[in-house]
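Colleague: Could you walk me through a few spots in this model? I'd like to see how you reason from the atoms.

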Amino acid sequence: MFDPSTSPSPQRTPRRVFVLGATGTIGRATVRALVHRNYDVVCLVRPNALTETNRDVARFFEGAKLRIGDATHPESVARDGFRGERFDVLVSCLASRTGVPQDAWSIDYQAHVSALDTAKQAGVSQMVLLSAICVQKPLLPFQQAKLAFEKLLMESGLTYSIVRPTAFFKSLSGQIDRVKRGKPFLLFGDGTLTACKPISDNDLAEFLAGCIDDEGRHNRVLPIGGPEPAITPKQQGEQLFKLLGREPRFKHVPVPLIDSIAWTLAAIGRVVPAIASKAELARIGCYYATESMLVLNPATGRYDAEATLSFGTETLFDYYARVINGEAQVERGEHAVF
């Protein structure tokens, strides 16, 4: 298990770190981790990214500098973000919101390509990239877009760390409210088809920030999970009911059903473009319902929990307890399945 170090960097002059994707839950946590390590942190955020969700800027970004710009426009990244200044490291937590093809290639690939080019001109010699473990089996456009940029980064000449986390807590918390309302926990198949080692935003942020100075993480692809053993959806549901003091109740959704829905929507989407995005979201949901978020052994074609490294201190069930007790809120994005 990795040893999470939170000790500030001992350098006399703080290294300058430029951050993309700072307003998401993982991005905000990463900014905090970087500031804690005494880096000089500059974040590029969209003009409406803060006001549209009524975020507390002072609390989330204390110690960092915010610059307003558009990561999808190279001119804005250079003019509004880097501003002709020199930086040492580029850290990106940027990801497409929906995963549909146009969004994926625009954000997961092209925005990163443009930012990397600008970063090089600003003297950046290192990049830490938040990717995803699911790119091991790239059946979807957003996975292919991420892989395309990973390849470009590895060939760029920069020192790189490509971090591929397993499932996020927020992605596995969408059923808390429905179970609290007395409804059953939904399972695909028997609930044991897949497994993951979920990692918290704060633990992942510490890992990302630690990549800058840890030479053991340089020029590597780093699949990473949380501190607990791999868990199945059924185990997630059982523990959720236990925390609520209720008897487990499950509703099983046949995998062929969601597969057929995805194919039907895809067929309609060829004729009705407005349906195409829904079809892609259905494909994404089907993928996560049938593929484990663990290291894939290329020799056997099987997922390997033991090969999926562990990091951090907070478990998913710790998080469930905090949400149930009102100590945490689930911020879910557009990838939500339920």
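Modeller: Happy to; what follows is a short set of questions and answers on a predicted model.

Colleague: Is serine 92 buried or exposed?

Modeller: Serine 92 sits in strand 4, residues 89-92. Its relative accessible area is 0%. Buried means under 20%, so serine 92 counts as buried.

Colleague: Which side chain does the side chain of serine 92 join in a polar contact?

Modeller: Beyond its neighbours within four places in sequence, serine 92 is in contact with Leu20, His112, Met127, Val128, Leu129 and Leu130. A polar contact of 2.6 Å links its side chain to that of histidine 112.

Colleague: Is helix 9 roughly parallel or roughly antiparallel to helix 10?

Modeller: Helix 9 (residues 255-269) and helix 10 (residues 273-290) pack with their axes 7 Å apart, at an angle of about 155°. Angles over 145 degrees count as roughly antiparallel, so helix 9 is to helix 10 roughly antiparallel.

Colleague: How many residues in the contact of helix 9 with helix 10 are nonpolar?

Modeller: Helix 9 contributes residues including Val255, Ile258 and Leu265, and helix 10 residues including Ile275, Ala282 and Cys286. Of the residues in this contact, two are polar, three are charged and the nonpolar ones number 13.

Colleague: What is the handedness of the crossing where helix 1 passes helix 7?

Modeller: Helix 1 (residues 25-36) and helix 7 (residues 201-210) pack at about 50°, with axes 8 Å apart. That angle makes helix 1 oblique to helix 7. Among the residues that meet are Ile26 and Ala29 of helix 1 and Leu204 and Leu208 of helix 7. The crossing of helix 1 with helix 7 is right-handed.

Terms used:
Residues are numbered from 1 along each chain as its sequence is written. This is a predicted model: local features need pLDDT of at least 70, side-chain atom pairs count only at pLDDT 80 or more; totals for chains, interfaces and linings use all residues. Side-chain values use heavy atoms; hydrogens and water are left out. Axes are lines fitted to C-alpha atoms, for helices over the stretch in contact, and angles run from 0 to 180 degrees between N-to-C directions. Helices (H or I, at least four residues) and strands (E, at least two) are DSSP runs, numbered from the N terminus. Angles under 35 degrees count as roughly parallel, over 145 as roughly antiparallel, 65 to 115 as roughly perpendicular and the rest as oblique. A crossing is left-handed if the near helix is turned anticlockwise from the far one by less than a right angle, and right-handed if clockwise. Contact means heavy atoms within 4.5 Å. Buried means under 20% relative accessible area, exposed over 50%, partly exposed in between (1.4 Å probe, protein chains only). A polar contact is a pair of N or O atoms within 3.5 Å; within protein, one must be able to donate a hydrogen and the other to accept it, and residues adjacent in sequence count only if both atoms are side-chain atoms. Ala, Val, Leu, Ile, Met, Phe, Trp, Tyr, Cys and Pro count as nonpolar, Asp, Glu, Lys and Arg as charged, and the others, Gly among them, as polar.
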